[in-house]
Amino acid sequence: MKLSVFTVATPDLNAEELAAAAASAGIDGIEWRFRGIPEDARTEEPSFWRHNRSSIDPAKWEEQVPDFREATAKHGRRSIALVPYLSCGDLQSTAQAFQAAADLGASMMRVGVPGYDRSTSYPELYSQAVRYLSEVQEMAQQYHVKAVVETHHQTIAPTASLAYRLVQSLDAQHVGVLYDPGNMVHEGYENYRMGLELLGPYLAHVHVKNAAWYKEEQNGESAESSVSAKWRCQWSPLTEGIVDWMQVFRDLKSVGYDGYYGIEDFSGEFNSQAMLQHFAEVFGEIERRLEEEVQV
């Protein structure tokens with residue numbers, strides 16, 4: 001089993017510390033976050049999306065990438081992906097990110113997908129995305145870095161099937177799908193195996209995290225007694241959320257998936273180093289149990 005870590009989930013570690021922690025946990029691949037730290041966040045405590053010390057700044061990538069590449073190599077790890085936060089249609093930023101990914105030695109890069117908030121119709125957003133992805137495919141071919149569309153809530157690709165609709169006319173050698181069951185807890189669940197069978201050769205990568213739904217209290221009433229209680233989704237520890245990772249692992253194996261499983265745990269249950277170790281242990285146990293099932 002090949003394991004990786006998306007550094008958005010390890011905000012307190014710099015590149016050197018992250019590579020060392022990944023090596024200690026037996027995690028081979030690193031997916032580097034590609035986003036700057038806001039000036040007003042630099043004095044804050046490390047956090048996933050603001051003060052993240054394992055990030056490459058798009059404005060400084062040419063000077064920073066060699067250091068990240070060196071830290072990775074020093075600890076015998078591989079930079080398998082660059083993960084920017086691109087807007088659909090922003091070809092200039094997309095091209096810049098592809099350049100950085102190629103220089104880093106990454107084999108994959110996440111690209112932009114339109115968000116969905118009911119203000120613009122799906123058909124219009126779909127057309128925008130298809131035009132953008134056709135340009136992205138040419139860049140991916142040029143830089144030898146596969147572009148991946150992530151299944152993500154609040155976008156037009158919350159499920160495997162809707163992500164597939166975006167990429168189905170493109171070359172699976174250059175464009176694929178990053179499958180994220182944890183995101184699908186928030187919005188977009190569909191049978192795992194069915195979605196994976198549909199993706200076929202477009203299945204490029206898998207992110208690992210978990211989430212669950214909880215009732216909120218309303219006007220001081222308990223969630224159990226309030227008729228107006230609302231449900232909300234929040235991140236949960238890897239083994240405690242709705243995603244049955246043993247079943248997902250079975251389904252991925254059934255379609256012949258042999259790529260990386262990348263941890264992206266936002267639960268805050270562990271510090272970064274302990275989280276990486278926990279992830280490796282959980283997935284080692286899943287692999288062992290699946291081997292036992294096959295033998296039986």
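I began at Arg110, whose side chain reaches the backbone oxygen of Pro84 at 3.0 Å. For the record, I am working from a predicted model.

**Arg110**

I looked up where Arg110 sits and found it in strand S5, residues 108–110. Is Arg110 buried or exposed? Its relative accessible area is 11%, and the cut-off for buried is under 20%, so I logged Arg110 as buried. I then listed its contacts, leaving aside neighbours within four places in sequence: Leu82, Val83, Pro84, Tyr85, Leu86, Val148 and Glu150. Tyr85 deserved a second look, since Arg110 lies over the face of that ring, at 4.7 Å from the ring centre. I noted another arginine placed over a ring: Arg165 lies over the face of Tyr126, at 4.0 Å from the ring centre.

**Aromatic pairs**

My count of aromatic pairs came to 15. One of them is Phe98 with Tyr143, a stacked pair at 6.0 Å centre to centre with 5 degrees between the planes. Phe98 belongs to helix H3 (residues 91–104) and Tyr143 to helix H4 (residues 122–143), so this pair ties together parts that are 45 residues apart in sequence. Phe98 has 0% relative accessibility and counts as buried.

I also checked Tyr189 and Tyr192, which form an edge-to-face pair, 5.3 Å centre to centre and 90 degrees between the planes. Tyr189 is exposed at 54% relative accessible area, whereas Tyr192 is buried at 8%. Elsewhere, ring pairs link Trp245, Phe249, Tyr257, Tyr261, Phe279 and Phe283 into a cluster.

**Helix H3**

I went back to H3 for its length. Its 14 residues should span 20 Å at 1.5 Å a residue, and the end C-alpha atoms are 20 Å apart, so the two agree. Which residues of H3 are buried? I wrote down Thr94, Ala95, Ala97, Phe98, Ala100, Ala101 and Leu104. Just after the helix, Gly105 takes a positive phi of about 90 degrees.

**Helix H9**

I ran the length check on H9 (residues 272–295) as well. The expected span for its 24 residues is 34 Å, and the end C-alpha atoms are 35 Å apart, which agrees. At the start of H9, a side-chain oxygen of Asn271 comes to within 3.3 Å of the backbone nitrogen of Gln273. The buried residues of H9 include Phe279 and Phe283, both of which are in the ring cluster I noted earlier. What covers the buried residues of H9? I found that the cover includes strand S1 (2–6), helix H1 (15–25), strand S8 (203–208), helix H8 (245–254) and strand S11 (260–263).

Glu292 and Arg288 meet in a salt bridge at 2.4 Å, N to O. Both lie in H9, four residues apart, about one turn of the helix. An α-helix has 3.6 residues a turn, so residues three or four places apart point the same way. Glu292 is partly exposed at 38%, and Arg288 is partly exposed at 38%.

**Other salt bridges**

My search of the whole structure found 14 salt bridges. Glu44 bridges to Arg50, with the closest N and O atoms 2.7 Å apart. I logged Glu44 as partly exposed at 31% and Arg50 as partly exposed at 30%. Salt bridges that share partners join Asp40, Glu44 and Arg50 into one network.

The last pair I looked up was Glu216 with Arg232, closest N and O atoms 3.3 Å apart. Glu216 is in the loop between strand S9 (210–215) and strand S10 (231–236), while Arg232 is in S10, 16 residues apart. Glu216 is partly exposed at 30%, and Arg232 is partly exposed at 34%.

Definitions and conventions:
Residues are numbered from 1 along each chain as its sequence is written. This is a predicted model: local features need pLDDT of at least 70, side-chain atom pairs count only at pLDDT 80 or more; totals for chains, interfaces and linings use all residues. Side-chain values use heavy atoms; hydrogens and water are left out. Helices (H or I, at least four residues) and strands (E, at least two) are DSSP runs, numbered from the N terminus. Buried means under 20% relative accessible area, exposed over 50%, partly exposed in between (1.4 Å probe, protein chains only). A polar contact is a pair of N or O atoms within 3.5 Å; within protein, one must be able to donate a hydrogen and the other to accept it, and residues adjacent in sequence count only if both atoms are side-chain atoms. Contact means heavy atoms within 4.5 Å. Rings of Phe, Tyr and Trp (its six-membered ring) pair if their centres lie within 6.5 Å; planes under 30 degrees apart count as stacked, over 60 as edge-to-face and the rest as tilted. A charge sits over a ring if NZ of Lys or CZ of Arg is within 6 Å of the ring centre and within 35 degrees of the ring normal. The expected span of a helix is 1.5 Å times one less than its number of residues. A salt bridge is a side-chain nitrogen of Lys or Arg within 4 Å of a carboxyl oxygen of Asp or Glu.
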